[in-house]
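Open the structure in your viewer and keep the selection tool at hand. The stops below say what to select next and what is there.

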Amino acid sequence: MSQALNNGPVTDTTLKLLADQLIPATEARKAVEHRIRRATPNPEEKPRRPPIPSLQQVDPAALEVHPATLPLDDGRSHAFLTPYLPRAHDTELRDQLRPALAGGPSVLIVLTGDSSTGKTRALYEGLRNDASDRPLLRPATASDLLALADDGQITAGVVLWLNEMQRFLYSGSVSERAAASLRTVLERQPGVAVVGAVWQNPYWSELTLPGAPGARHAQAKALLTAPFTKTIRVPNNFTDEEQNSLRLLARQREDPRLEQALQAGAADGRIVQHLSGGPELLANYSDSLRSPGFPFTSAECALITVALDARRLGHLKPLPTALLADAADGMLESNHRSGDADWALRDLSALGTGERHDGTLIGVRRALTPLTAMRDRSGGPAHYEPADYLDQHTRARRSDQAGHPSTWEALTRHTSDPDDLDRLFETALSFGLYKQAIQLGRKAVLAGHTSTPYRLVRCLHSVDPEHCGIHWVATHASLSHPYGVANLLEELLDVGADQVVEELLTRSPAIEADPTALSYHVEVLMHQLTRADAEPAALDYACRAASHADVTDAAECSGLLKAFKKNGANLAIELLLERNPAVHVETANVYGVVSLLEILRECGDEQAHDLLGQRVVTDIDPADIDDHGLFILLQALSGTQQAQVVQNLALLADVTDPSATAALLTQLQRIDAARAVEVLMQRDPAGSACLASPSGVEELLTVLQRMGRDREVNKLLRRNLPAQLHLTDPYGVADLLDTLVALDAGRIPGQWPNLRAPHLRAWSAPVLVPPPMTGGSALVRRAPQARQGDADYGPRVTQTESGLYIVQAPGISWEGSPSLSAQTIRRLLERDISADVELTNLYGVTVLLDTLRDMGASEAVGILARRAGARADLENPFSVTVLMDAFLELGEEEAASALANRAARQVDISTQPHMATLLMHLWHTGANQAVGVLLQRQPAMHVDLARWRDNVHILEAVLREVGADQAADRVAQRSANAGIADRARLQPYGRESDGRIASPWTWSDIPFHE
C-alpha cells in the first residue's frame, strides 16, 4: 500500500486489488478505499508551489558568483562583491534582455569565454539592473530543467538562470530532452528571459559543432543556434582604457582587492582571473607537482590530479570519494602512502574546505579551493569537483597524458552514470586504450546508454571473429532510442553479422523504440529495418510514430510525412493526415510550416494545404520572418493566399527598419507584386527609416536605386545621414561608402562599368615604387586597388625609363556641384570613422581599410590602421594574419609590427591550427621579434591535443620550418603519448594503460567490472 501511495495517483483497479488482498470484508474495504483516496492527490487539482524567490532575495554566492579576496588579510571587512565596471558585453547583455523582459519574444542569452573571466558576475549585474524583482528559477541539473519545462513553470515574466550550462546540456539523453523542451517553451511562450554561461572551449565549441541531425548534442545544438539565442563573448583581458577606468573606480571606492588585481594583471589584462585567485591556485598546484610538500602534500597532489584527469577524460558527474581514493593511492609511491585508513576522507575534506585538520590553510585567500564538495542531501556523502580554473588551465598541457593506469582502473570500477561511461569509452579509444574502452563500453551498454552499442560493435569487428562480443551487445543493447537501434543495425549489417541481426530483430525493436522521437531518427530506423528485410516492422514503427506525433509541431509533422513517403509507408501517412496537422500545427515556425505545405501538396492533400495556407495568411507576423523565410513561404502558398500575404506585409511591415524594408521590397519584386510595392512605398520608408545602421541604410539605398526610385533615394540622402549613422560596423560602413560612390557615378550599386564617379577626380601626389619582384600583381597589391573592370577608377601607373613606377591614387575633388551622394561621402569622411569602428571583426576592418584606401582617404587609413594594430581583437589568430597582410599592403608597417607583437604575446596558443598559421605568417613576413616571443611561450607544451588531434602534424611542420626543432620534437613526443602518431602500429589491439603495445586479445580475454 505504501508503495502504491508513493507512486502517484491510484487507479480504481489498483484500489480494488489492494482492498481485496488486504481486507475481504465489504465495509473494511470501503474504509481502505476511502483512506487511500484521501491520501491520493486529485489529478485535476494542481498542488500549490512555493513562491519563487527573486534575484534580490538570493545570495550572490548561491548563484556561484566568485568571491574576491586579498592575498593577505588586511584586517578590514570587505563586501562580498567588488565594485563593478560595465564593459561592452554588459551593454550588449542588457540590450538583448530588455525586449523579453518587456513581454516581447523570449530570449536565451549565453555568455561564453574562459574560466574566471567574469561571465557569472556579468549575468548577475545585468539582471540586478533590469530584473531584480523577477521570479528567478534556478535548476541544479538537467532533470530539474526538464521538469520545469514540462511542468509549465517557465512562464512569461520568469527569469531562468543556467550558469555552467554544460551541467544542463552536456549530460546525454536527459540533457537532450531538456534542451528540446526548453526550445519548445521559448518558441511558444513570449516574455521569458533565460541567461547562462559556459566555457567557449571545450563546451560551447562541442555543443554547437556542425553535424548530422542525429549527432551527439543535436538538441542542444538546435537550442543554442536557434533564432532566439544570443551569444555574447566575454573577453579574457581588460583593455588599457578599461584598466584605467577600473583603477579610477578602485580609488573612488577604496577597494584594495581591485587595486591588487590590477597590479597583478597589468601585463596581460587578466584582472578578473586575479580577483578570483585562479592564477595563484594554478601556481600552487604546479609548484607542488614539481616539489611535493608545499603547499600540497603528495597525497593531496595525487587527489587533485585524479580529479582533473577524470574530468578531462570524460567523467563530468561529481567524483565519488572511493574513485578518487583508489586512483590516487595507485599513483603514490609506497613511502608516501598513509597508514591512516581514513586518509582520503581527511585530505579530501582539507582540499574542499581549504583547511587541514591541524588548522593549516591550503586554500587561496581563504576563498578558492582545489576541490569543491557536492552533496545530494545534508549529511550525505561528499562527491567532488575540481576548481574550474584549474580544470581549464591544465587541460591543454595534460592533453597528451592518457592518465595513470590506476585512474583508468578506478574510473572503470566506480563510474556508474551511462553518459560518463560513454564519454570515457570514447576517450579510451582516442588514446588507443582499446581493452579499457571495451570494459567501459560494456558497462555503458548495461547502464542503458543508447548510442554506445553500435560504436562498441564497430571497434569489436576486427578482434571478435566469432562474434561473441557482437552477440552480447545485440542481446543487451537498449532498444529505446531509434537512432541508436538504427546505427546498431547498420553496423551489424555492414560487418555481415546476419545471424546477430536476426537475433536483434527477435527483440522487436519496432515495438521497443520510442515512437515520439525526432522525425530524422524515425526515418533512419525505418531505413535500416528495410535493409534488414524487416519491412513489416518498419511499417509498424512508422504507424506508431504517426499515432504519437506532436501535431502542433509543423517541422516534425513534415519530417515524418517525408520519411513515410520515402519508405513507402502509405498507411502511416494516412494515419498522420487523419490527425489533421494542418489544423493543429503552430504557425510561428515559418520554415516548418513551409516544409509541411510542400509535403502536403506532394501527398495530394490539397484541402489540408489550402487550410494551412489560410491559417498562415491570418497568423503571420512580418516581424518574425527573415528574408529567406519570406521567399520560400511565398513560393509555397497558392496565388490568392500569396496576394493576401504580400498585402498584409506591405501594410504591417516596420518601415523604420531599413534592412527589413529592403528585404521585403526585394521579395515583392521577385514575385511581381506591384500593388503591394506601391502600398509599401506610400508608407514612406525613405522618410521613416531609422538611420543608425550603415548596412541597413546601404541595403535600402541599393534596392531603391535598382527600382528606379530616384526621388526616394534623394529623400533618404537629404536626411543628414552622416550625423545619424552609428559607425561601429566596419563592413556596414565600407558597403555604404561603396554604394554612395556608385550612386554618385550614376551606377546601380554592386555593378562596376567603365565609368568613374564625376566627383572622384583628384589624384594624389606621385609615389615612386620599385619594380615588382613577382610581376604586376605585387605592384597592384602595394598600390591603391582598382575594381575589376573599372580601369578609370583605379590608380594611375606609369613606368619610368629607369624601371621605377609612378603611382597616383584616386582622391576626391569637391569642385563644381557635388551630388547628394558625394556630399554625404565628404561629410562621412569628415567624421572620425576610425575612432568609432569596433575592432572585433577583423575581416570587416580589412574591408573598410581597402575602401578608404580606394577613395584616397589616406589619413583615415593611417588612423584606423594604427588603432587596429594597438587594440584589435586577437580571438582568431587567422583573422589577425589577414589584417596584418592588409597593413603591409597599405604600407602601414608600424601597425603591422604592433599587431604582430601583441598577437605573439596574447593569442591563445592552445588553438593549434590557427596558432600555427600565425607562427608561419610571422616567420614569412619577417616579424622575427614576434616569432621569438611566441616560441618563448612554449606552444609545443601548451597546445591542446585533445581538440586538434587530426591536425597536430601541422604545428610540428611549422615549428621545424621556423627552426624550432626541439619544440617540434616535443610536439612529436606528445603526439605519440596521446596515441595520435603512428596509429597503424596500435591496430587492432591498441596499447595497455601503461603505454606498452597490447598483445593480441579477444572479447573473452577481457575482465569485466559489473
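Against which helices do the buried residues of α24 pack? They pack against α22 (452-460), α23 (468-476), α25 (498-505), α26 (509-512), α27 (519-531) and α28 (535-548).

**Before going on**

This is a predicted model, in which local features need pLDDT of at least 70 and side-chain atom pairs count only at pLDDT 80 or more, while totals for chains, interfaces and linings use all residues. Residues are numbered from 1 along each chain as its sequence is written, and side-chain values use heavy atoms, with hydrogens and water left out.

The protein has 54 helices and 11 strands. Helices (H or I, at least four residues) and strands (E, at least two) are DSSP runs, numbered from the N terminus. Of its 1010 residues, 51% count as buried. Buried means under 20% relative accessible area, exposed over 50%, and partly exposed in between, with a 1.4 Å probe and protein chains only. Contact means heavy atoms within 4.5 Å. Among contacts between residues at least 6 apart in sequence, 73% join residues at least 24 apart.

**Stop 1: helix α24**

Select residues 482-494, which form helix α24. This helix has 13 residues and reaches 18 Å from its first C-alpha to its last, close to the 18 Å expected at 1.5 Å a residue. The expected span is 1.5 Å times one less than the number of residues. Helix α24 is mostly covered, with 11 of its 13 residues buried. Among them are Pro-482, Tyr-483, Asn-487 and Glu-491. After the helix comes Gly-496, whose phi is positive, near 75°.

**Stop 2: strand β1 and its partners**

Select residues 107-113, strand β1. Why is β1 described as largely enclosed by the rest of the structure? The reason is that 7 of its 7 residues are buried. On one side are Val-107, Ile-109, Leu-111 and Gly-113, and on the other are Leu-108, Val-110 and Thr-112; both faces are covered.

Now add the strands that pair with β1. Two strands pair if DSSP finds at least two bridges between them. Strand β4 (residues 193-199) runs parallel to β1 and is joined to it by 7 bridges. Thr-112 has Val-198 of β4 as its bridge partner. Strand β5 (residues 229-233) also runs parallel to β1, with 5 bridges, and here Leu-111 stands opposite Ile-232.

**Stop 3: an open sheet**

Select β6 (319-320) and β7 (371-374), the edge strands of an open sheet, each pairing on one side only. The sheet has 3 strands in the order β6-β8-β7, with antiparallel pairing. Between β7 and strand β8 (residues 383-386) there are 4 bridges. Ala-373 stands opposite Tyr-384 in β8.

**Stop 4: helices α14 and α15**

Select residues 278-290 for α14 and 298-313 for α15. These helices pack at an angle of about 120°, with their axes 10 Å apart. Axes are lines fitted to C-alpha atoms, for helices over the stretch in contact, and angles run from 0 to 180 degrees between N-to-C directions. Which residues make the contact? Tyr-285, Ser-288 and Leu-289 do so from α14, and Cys-301, Ile-304, Thr-305 and Leu-308 from α15.

**Stop 5: backbone details**

Most residues other than glycine have a negative phi, and most peptide bonds are trans. Three places to select depart from this pattern.

- Asn-201 and Pro-202 are joined by a cis peptide bond, with omega about 10°; Pro-202 is in helix α9 (residues 200-207).
- Glu-64 has a positive phi, near 70°, and is in the loop between α3 (26-39) and α4 (88-101). Its relative accessibility is 31%, so Glu-64 counts as partly exposed.
- Glu-164 has a positive phi, near 55°, and is found in the loop between β3 (159-162) and α7 (166-169). Glu-164 is buried, with a relative accessible area of 11%.

**Stop 6: Thr-640**

Select Thr-640, in helix α35 (residues 639-652). Is Thr-640 buried or exposed? Thr-640 counts as exposed because its relative accessibility is 59%. Add Gln-614, which is 26 residues from Thr-640 along the chain. The C-alpha atoms of Thr-640 and Gln-614 are separated by 9.6 Å.
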